[in-house]
Amino acid sequence: MAEFEKIEAPTKGSKINFANGSPQVPDNPIIPFIRGDGTGIDIWPATQKVIDRAILKAYGDDRHIEWFKIYAGDEACDLYGTYQYLPNDTIEAIRQYGVAIKGPLTTPVGGGIRSLNVALRQIFDLYSCVRPCRYYPGTPSPHKNPENLDVIVYRENTEDIYVGIEWEASDPLCKNLITYLNDEIIPSSKTIKNRKIPVNAGIGIKPVSKHGSQRHIRKAIQHALKLNGNKRHVTLVHKGNIMKFTEGSFRDWGYELATSEFRNDCITERESWILDNIKKSPKISIEENARKIEPGFESLTAEKKELICQEVKEVIQSIEGSHGNDKWRKLVMVDDRIADSIFQQIQTRPEEYSILATLNLNGDYISDAAAAIVGGLGMAPGANIGDKAAIFEATHGTAPKHAGLDRINPGSVILSGVMMLEFLGWQEAGDLITNGLSQAISDKKVTYDLARLMQPSIDPLSCSGFANAVIERF
């Protein structure tokens with residue numbers, strides 16, 4: 001057991017351990033919590049009350065959480081000293097107890113500390129950020145049919161440009177790097193030899209690895225396997241049309257994983273087309289099948305036509321017996337879409353998507369856009385999950401001007417608590433909260449952010465009042 005400098009762990013309760021990436025949960029787990037900055041002072045007490053009451057109602061005295069308060073952000077500086085935004089006590093508590101939940105944390109824009117959220121993800125190798133975006137009836141939305149969107153964004157957490165390997169333009173190291181790239185690296189490359197980096201540019205590096213991509217996509221596929229019907233669908237989201245060796249590789253490594261490690265559980269979109277063509281026309285030729293799956297087949301070179309035909313042959317030889325005759329329809333569908341296209345698709349054809357597996361930057365944008373469709377970040381939960389730890393969190397900011405007024409919407413942290421309960425295997429308690437929150441919104445028992453958008457206008461509940469309304473509707 002680690003010794004702490006300024007905090008004291010509960011004397012009751014047990015640790016959560018991880019085995020092969022899965023939590024081994026006792027009936028009385030010790031779970032650290034970070035209240036959060038700004039409105040965390042309001043939304044955490046409301047959330048804790050809802051979680052505790054749901055556990056009590058679902059399991060009586062058989063299960064309960066021993067809460068362990070730890071510190072980060074401005075509150076940590078108050079206790080540990082100036083600039084101690086993420087003290088060692090907090091890191092060791094999360095490392096020791098495995099699962100934690102937190103409110104929003106302050107991160108200055110520009111200079112100063114980097115994002116505390118990013119730091120926590122990197123320290124504990126929480127490589128998958130999971131952001132469900134679903135609609136709760138009655139929630140005001142700018143969209144006509146927000147109920148059609150029910151997606152889970154799996155955002156890779158530890159790579160891409162968020163790694164933070166960058167230099168400002170005035171840094172001598174940056175200038176030396178640009179000179180080296182312009183004089184040595186770029187001229188020797190076959191694909192970029194005619195390009196130059198401006199000498200006054202800032203430089204950032206975008207690492208994307210096969211290991212990092214596949215362990216993340218593996219989580220997304222494993223999640224899809226737990227779903228039913230047409231929700232068993234994973235879409236690889238990327239900009240591989242532009243960044244071929246980073247984002248394009250993310251897509252390729254995803255398909256490789258699906259067709260090797262998950263061969264008995266997955267079908268790719270192109271494979272499904274080939275098998276469906278055979279089901280509809282059992283005597284279809286290899287070339288005609290290739291023509292149907294490849295737009296512009298007739299305009300391709302003979303060499304490229306042969307590659308498409310070879311693809312059809314290999315699919316037929318390898319999986320027609322195991323996946324054909326519509327057996328593939330019960331499997332997880334894996335396809336891919338360009339990132340900017342997904343921004344359109346989740347608005348115009350949302351019902352076609354279930355799990356979006358993305359790189360870091362794309363997932364940041366897409367998860368916020370999806371949240372806006374179903375009611376905003378106030379209702380958007382989040383989890384950061386690795387093989388040895390998991391942190392559940394609010395996805396919105398600290399909103400300091402609302403702090404201490406008991407008026408902010410606690411929905412994001414409450415629903416993150418639901419994700420935490422599901423992660424622990426305490427589904428019954430999670431379902432109570434989901435049902436209570438959904439019914440409270442349907443009954444127009446909401447905080448000001450939702451109340452002001454409802455027609456006709458209604459009097460809002462306080463933050464704590466909303467928590468009580470959820471509990472009353474378990």
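With which residue does Asp340 form a salt bridge? In this predicted model, the partner of Asp340 is Lys239, and the closest N and O atoms of the two side chains are 3.1 Å apart. Asp340 belongs to helix H11 (residues 339-348), whereas Lys239 is found in the loop between strand E10 (233-238) and helix H7 (247-258), so the salt bridge ties together parts of the structure that are 101 residues apart in sequence. The two partners fall into separate accessibility classes: Asp340 counts as partly exposed because its relative accessibility is 43%, and Lys239 counts as buried because its value is 19%, the limit for a buried residue being under 20%.

The pair Asp340 and Lys239 belongs to a set of 31 salt bridges found in a search of the whole structure. Another joins the side chains of Arg291 and Glu298, with an N to O distance of 2.3 Å. Arg291 is partly exposed, its relative accessible area being 28%. A further salt bridge links Glu472 with Arg473, where the closest N and O atoms are 3.6 Å apart. Glu472 is exposed, with a relative accessible area of 64%, while Arg473 is partly exposed, at 21%. Elsewhere, salt bridges with shared partners connect Asp276, Lys279, Lys280, Asp326 and Arg329 into one network.

An acidic residue without such a partner is provided by Asp42, which lies in helix H1 (residues 40-59). Asp42 is buried and has no salt bridge; the nearest side chain of opposite charge is that of Arg407, at 8.7 Å. Salt bridges are counted within 4 Å, so the separation of 8.7 Å between Asp42 and Arg407 does not qualify. Backbone nitrogens do, however, approach the side chain of Asp42. The backbone nitrogen of Gly404 lies 2.8 Å from a polar atom of that side chain, and the backbone nitrogen of Asp406 lies 3.5 Å from a polar atom of the Asp42 side chain. With residues up to four places away in sequence left out, Asp42 touches His402, Ala403, Gly404, Leu405, Asp406, Ile408 and Cys463.

The packing of helix H9 (residues 286-293) was examined next. Asn289, Ala290 and Ile293 are buried in this helix. These residues cover an arc of only 100° around the axis, which means that they lie on the same side of H9. An α-helix has 3.6 residues a turn, so residues three or four places apart point the same way. The buried residues of H9 pack against two helices, H8 (269-280) and H10 (302-323).

Ile293 illustrates this packing in detail. Ile293 is located in helix H9 and counts as buried because its relative accessibility is 2%. Apart from neighbours within four places in sequence, Ile293 is in contact with Arg270, Trp273, Ile274, Asn277, Ile308, Glu311 and Val312. The C-alpha atoms of Ile293 and Glu269 are separated by 9.9 Å, and these two residues are 24 residues apart along the chain.

Pro460 was considered as a loop residue. Pro460 lies between helix H15 (448-451) and helix H16 (463-472) and counts as partly exposed because its relative accessibility is 45%. Contacts of Pro460, not counting residues up to four places away in sequence, are made with Val446, Thr447, Tyr448 and Ala451. The C-alpha atoms of Pro460 and Asp449 are 8.3 Å apart in space, the two residues being 11 residues apart in sequence.

Two positions carry annotations in UniProt. An unreviewed entry gives the annotation "binding site" for Asp364. Asp364 is placed in helix H12 (residues 360-374), and, leaving aside neighbours within four places in sequence, is in contact with Arg155 and Tyr162. For Ser115, UniProt lists "modified residue: Phosphoserine", again in an unreviewed entry. Ser115 is situated in the loop between strand E5 (99-102) and helix H4 (116-123) and is partly exposed, with a relative accessible area of 22%. A polar atom of the Ser115 side chain lies 3.2 Å from the backbone nitrogen of Val118.

Conventions: Residues numbered from 1 in each chain as written. Predicted model: local features only at pLDDT ≥ 70, side-chain atom pairs only at ≥ 80, totals over all residues. Heavy atoms only, no water. Buried < 20%, exposed > 50% of the residue type's maximum accessible area, 1.4 Å probe, protein only. Helix = DSSP H or I, 4+ residues; strand = E, 2+ residues; numbered from the N terminus. Arc of directions from axis to C-beta. Contact = heavy atoms within 4.5 Å. Lys, Arg positive; Asp, Glu negative; His and termini not counted. Polar contact = N/O pair within 3.5 Å; in protein donor to acceptor, adjacent residues only side chain to side chain. UniProt positions renumbered as here; feature names shortened; annotations may be inferred.
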